[in-house]
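Subject: The structure we discussed, with notes

Dear colleague,

Please find the structure below, followed by my notes on what was found in it. I would be glad if you read the notes with the structure open beside them.

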Amino acid sequence: MTGDDSDKRRRTLLRRMGIDVWVPREAPAGTPAATEAVDAGGPEPAPPTAPEPSPQPAQPGEPAASGHAVAQMDWQELAATVAGCTRCPLCESRTQTVFGVGRRDADILVVGEAPGAEEDRRGEPFVGRAGQLLDSMLQALGYGRERVFIANILKCRPPRNRDPEPAEVEACRPYLERQIALVAPRVILAVGRVAAQNLLATDKPLRMLRQRLHTLEPQGIPVVVSYHPAYLLRSPADKAKAWDDLKRLRENLPG
């Protein structure tokens with residue numbers, strides 16, 4: 001790849017994240033004007049994957065599946081169990097559970113905090129403006145939403161979007177652990193303080209967790225920590241730092 005091609009690719013990736021870059025006013029003769037269309041160099045796109053179906057929930061009062069039982073479930077059993085989960089009081093206030101969405105053998109698993117109001121209504125994680133920015137971040141790596149799997153620490157929305165409580169995280173933990181085992185990703189991207197701290201079982205602040213590559217044990221999966229897209233919408237100056245995180249993630253991807 002020539003130096004010019006490398007520069008064009010870098011500018012394209014940064015634009016997709018919304019980071020301003022300097023672009024020469026005049027292009028060489030015969031060069032297409034729409035440089036944003038340059039291929040980011042990622043893998044060939046897969047057919048779009050629809051959100052996981054929402055099976056009929058279990059009847060109230062049915063016993064919750066044990067963590068051991070969850071660890072043996074396939075995708076269909078796991079989705080049905082999450083849909084009818086009553087392991088914590090959040091089941092009483094949710095509209096529906098938010099299981100997760102995406103490719104079931106993805107290289108990248110994105111882990112967020114918990115569903116918000118729109119996610120609770122639609123049953124899909126990371127929708128709205130924050131979801132659009134997450135899509136742009138993934139596209140900057142050459143991975144569209146359809147090529148990753150996206151899930152949350154919690155499968156139900158906490159009231160008023162408060163932080164998850166320890167008992168709620170513990171109740172949902174077997175579901176996320178089983179999703180990680182089924183996807184078997186090459187790398188995990190944890191977005192936001194709550195997701196990173198709970199996934200890595202630490203109380204270190206986000207600024208320290210972003211400084212290095214982590215490992216999820218006992219699976220041995222690399223974990224990259226970055227800002228939550230909702231935070232980046234409020235603090236766009238930190239998008240450049242998020243790009244540094246994505247470059248660290250890209251180093252652990254195949255090819």
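In which strand is N152 found? N152 belongs to strand β3, which covers residues 149-152. Please bear in mind throughout that this is a predicted model, and that what follows was computed from it.

N152 counts as buried because its relative accessibility is 3%, where the cut-off for buried is under 20%. Its side chain reaches the backbone nitrogen of E113 at 3.4 Å. Leaving out residues up to four places away in sequence, N152 touches G112, E113, A114 and P115, as well as P125, F126 and L176.

As to the overall picture, the protein has 10 helices and 6 strands, and buried residues make up 47% of its 255 residues. Among the contacts with a separation of 6 or more, 73% are accounted for by residues 24 or more positions apart.

One pair that is separated in sequence in this way is T95 and D120, which are 25 residues apart along the chain while their C-alpha atoms are 5.8 Å apart in space. The side chains of the two residues are joined by a polar contact of 2.6 Å. T95 lies in the loop between α3 (75-83) and β1 (101-102), and with a relative accessibility of 57% T95 counts as exposed, since the cut-off for exposed is over 50%.

Helix α3 itself holds T81, whose side chain reaches the backbone oxygen of E77 at 2.8 Å. Apart from its neighbours within four places in sequence, T81 is in contact with A65, M73 and Y175.

Two further helices deserve a separate word. Helix α5 (residues 128-139) has 12 residues and spans 17 Å from its first C-alpha to its last, close to the 16 Å expected at 1.5 Å a residue. The buried residues of α5 are A130, G131, L133, L134, D135, S136, M137 and L138. Helix α10 (residues 239-250) also has 12 residues, and its span from first C-alpha to last is 16 Å, close to the expected 16 Å. In α10 the buried residues are K239, A242, W243, D245, L246 and L249. Why do the buried residues of α10 line one face of the helix? Seen down the axis of α10, they fall within an arc of 160 degrees, and so they line one face. In general, an α-helix has 3.6 residues a turn, so residues three or four places apart point the same way.

Some backbone features may also be worth checking by eye. The peptide bond from E217 to P218 is cis, with omega near 5 degrees, and P218 is found in the loop between β5 (214-216) and β6 (221-226). In the loop between β3 and α6 (166-183) lies R160, which has a positive phi of about 60 degrees although it is not a glycine. N161 lies in the loop between β3 and α6 as well, and N161 has a positive phi of about 55 degrees, again without being a glycine. As for their surroundings, R160 is exposed, with a relative accessible area of 72%, whereas N161 is partly exposed, with a relative accessible area of 43%.

Lastly, there are the open and enclosed spaces. The largest pocket holds about 440 Å³ of space. Of the 22 residues that line this pocket, the closest to its centre are E113, H228, A230, Y231 and R234. The elements that give two or more residues to the lining are α7 (193-200) and α9 (229-234), and α9 gives the most, with 3 residues. E113 therefore appears twice in these notes, because the side chain of N152 reaches its backbone nitrogen and E113 is also among the residues closest to the centre of the largest pocket.A search of the whole structure finds 2 cavities of 30 Å³ or more. The second largest cavity has a volume of about 30 Å³, and its lining is made up of C85, C88, C91, R94, C156, A171 and C172.

With best wishes

Conventions: Residues are numbered from 1 along each chain as its sequence is written. This is a predicted model: local features need pLDDT of at least 70, side-chain atom pairs count only at pLDDT 80 or more; totals for chains, interfaces and linings use all residues. Side-chain values use heavy atoms; hydrogens and water are left out. Helices (H or I, at least four residues) and strands (E, at least two) are DSSP runs, numbered from the N terminus. Buried means under 20% relative accessible area, exposed over 50%, partly exposed in between (1.4 Å probe, protein chains only). A polar contact is a pair of N or O atoms within 3.5 Å; within protein, one must be able to donate a hydrogen and the other to accept it, and residues adjacent in sequence count only if both atoms are side-chain atoms. Contact means heavy atoms within 4.5 Å. The expected span of a helix is 1.5 Å times one less than its number of residues. The arc is that of the directions from the helix axis to the C-beta atoms. On a 1 Å grid over the protein atoms alone, a cavity is a set of points where a 1.4 Å probe fits but cannot get out, and a pocket is an open set with protein on both sides within 12 Å along at least five of seven lines; lining residues have an atom within 4 Å of a point. Grid points are joined across faces, edges and corners, and a volume is the space filled by probe spheres set on the points.
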